[in-house]
Amino acid sequence: MDKTSREEPVSELDVEPKGLVHIECVTNGPIETNTYFACSRDEVVVIDPAWDGEKLARDFMEQHPRVRIVAIACTHGHADHVGGVAGMRRFLGDDVPFLISRAERDFIPGAIDSMREMWGIETEDPGEPTRLLDEGDRIDFGGCSLQALSVPGHTPGGMALFTATEGGNFAFVGDTLFPGGHGRTDLEGGDEHAVIQSLGKIGSMLPEDTLCLIGHGRATTVAEEREQNFFMRRALKRLARERAAAE
């Protein structure tokens, strides 16, 4: 079941709280990737299934027999974020859609090859995406909605997925943002200028209390990064200068 809906590109996110979400994280794979299970009512969206997708899905469903996984969404196409997609869909069924940024579709095969060459890590191809995301698209599940935000730089089509809920604001940011820094840009498809622009976008568009759920390691908040992340601060200053010049 494809539960996405298409909207025009956004200049502002919808920050009106809707529904409640419970988020669980499983760190897995040789690069310790964070796979997230976002649960609202009886529906779940899996973000970035890294490795051994059949086990990820089986373990989760055994622990939560009354919920349904309704979508698998990946923040970007690196092998350590899509490696569990195919296995998860084998276990759950092909009717559970695989979603990723439109700009990542053709990037995935080369990214998988690159990781194999660099680190000798074998990753299963996730297969053809069911739905290609553009900025402003939504993934509706339970009482909540994940909003797609284009944040390239770590890869050409990186996406953050933001949701405003009655229990707080959350954003799955993949490897675009790390506490005090940003994701690598020396890998295939990386762009230092673009990732810093994306940090400015995250810092200016997301509410300060947004909990940013990272692809590897601990979470952070927009407020913390606005204060302590040199790269985000630099990007925000540039945005402020550009807006002042346009007035």
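**Entry 1. Terms and a first residue**

I take buried to mean under 20% relative accessible area, exposed to mean over 50%, and partly exposed to mean anything in between. The model I am examining is predicted. I looked up Trp119 and found it in helix α4, which covers residues 108-119. Its relative accessibility is 40%, so I enter Trp119 as partly exposed. I then asked which residues Trp119 touches, not counting residues up to four places away in sequence. I found Ile31, Arg184 and Leu187. I also checked Trp119 against Leu213: the two are 94 residues apart in sequence, and their C-alpha atoms are 25 Å apart in space.

**Entry 2. The whole protein**

I counted seven helices and 15 strands in the protein. Along the principal axes, the C-alpha atoms fill a box of roughly 55 × 45 × 30 Å. I compared the radius of gyration with the value for a compact globule: 247 residues would give one near 18 Å, and the 17 Å of the protein agrees with this. Of the 247 residues, 55% are buried. The accessible surface comes to about 10800 Å², and carbon and sulfur atoms hold 48% of it. I next considered the contacts with a separation of 6 or more, and noted that 67% of them join residues 24 or more positions apart.

**Entry 3. The six-stranded sheet**

I traced an open sheet of six strands, in the order β2-β3-β4-β5-β6-β7, with mixed pairing. Which strands stand at the edges? I found β2 (22-28) and β7 (131-133) there; each has a single partner strand, so one side of each is left without a neighbour in the sheet. On average, and with direction ignored, neighbouring strands of this sheet are turned by 25° against each other.

I examined the pairing at both edges. β2 and β3 are antiparallel and share seven bridges, with Val26 opposite Thr35 in β3. These two strands form a hairpin with four residues between them, and in the turn Gly29 has a positive phi of about 90°. At the other edge, β6 (residues 98-101) runs parallel to β7 and is joined to it by three bridges. There I recorded Ser101 opposite Leu133 in β7.

**Entry 4. Asn34 in strand β3**

I selected Asn34, which lies in strand β3. Is Asn34 buried or exposed? Its relative accessible area is 4%, and the limit for a buried residue is under 20%, so I enter Asn34 as buried. Leaving out residues up to four places away in sequence, I listed what Asn34 touches: Cys25, Val26, Thr27, Ile47, Asp48, Ile214, Gly215, His216 and Gly217. I also noted a polar contact, at 3.4 Å, between the side chains of Asn34 and Tyr36. As a general remark, side chains in a regular strand alternate between the two faces of the sheet.

**Entry 5. Helices α1 and α3**

I followed helix α1 (residues 53-63) and found that it lies across β2, β3 (33-40), β4 (43-47) and β5 (68-73). Helix α1 runs at about 40° to β3.

I then turned to helix α3 (residues 85-92) and asked which of its residues are buried. I recorded Val85, Ala86, Gly87, Met88 and Arg89. The cover over the buried residues of α3 includes β4, α1, β5, α2 (79-82) and β6. Gly93 follows α3, and its phi is positive, near 110°.

Methods
Residues numbered from 1 in each chain as written. Predicted model: local features only at pLDDT ≥ 70, side-chain atom pairs only at ≥ 80, totals over all residues. Heavy atoms only, no water. Pairing = 2+ DSSP bridges. Axes fitted to C-alpha atoms, helices over the stretch in contact; angles between N-to-C directions. Contact = heavy atoms within 4.5 Å. Rg over C-alpha atoms; globule rule 2.2 N^0.38 Å. Buried < 20%, exposed > 50% of the residue type's maximum accessible area, 1.4 Å probe, protein only. Areas by Shrake-Rupley, 256 points an atom, 1.4 Å probe, with all protein chains shown as cover. Polar contact = N/O pair within 3.5 Å; in protein donor to acceptor, adjacent residues only side chain to side chain.
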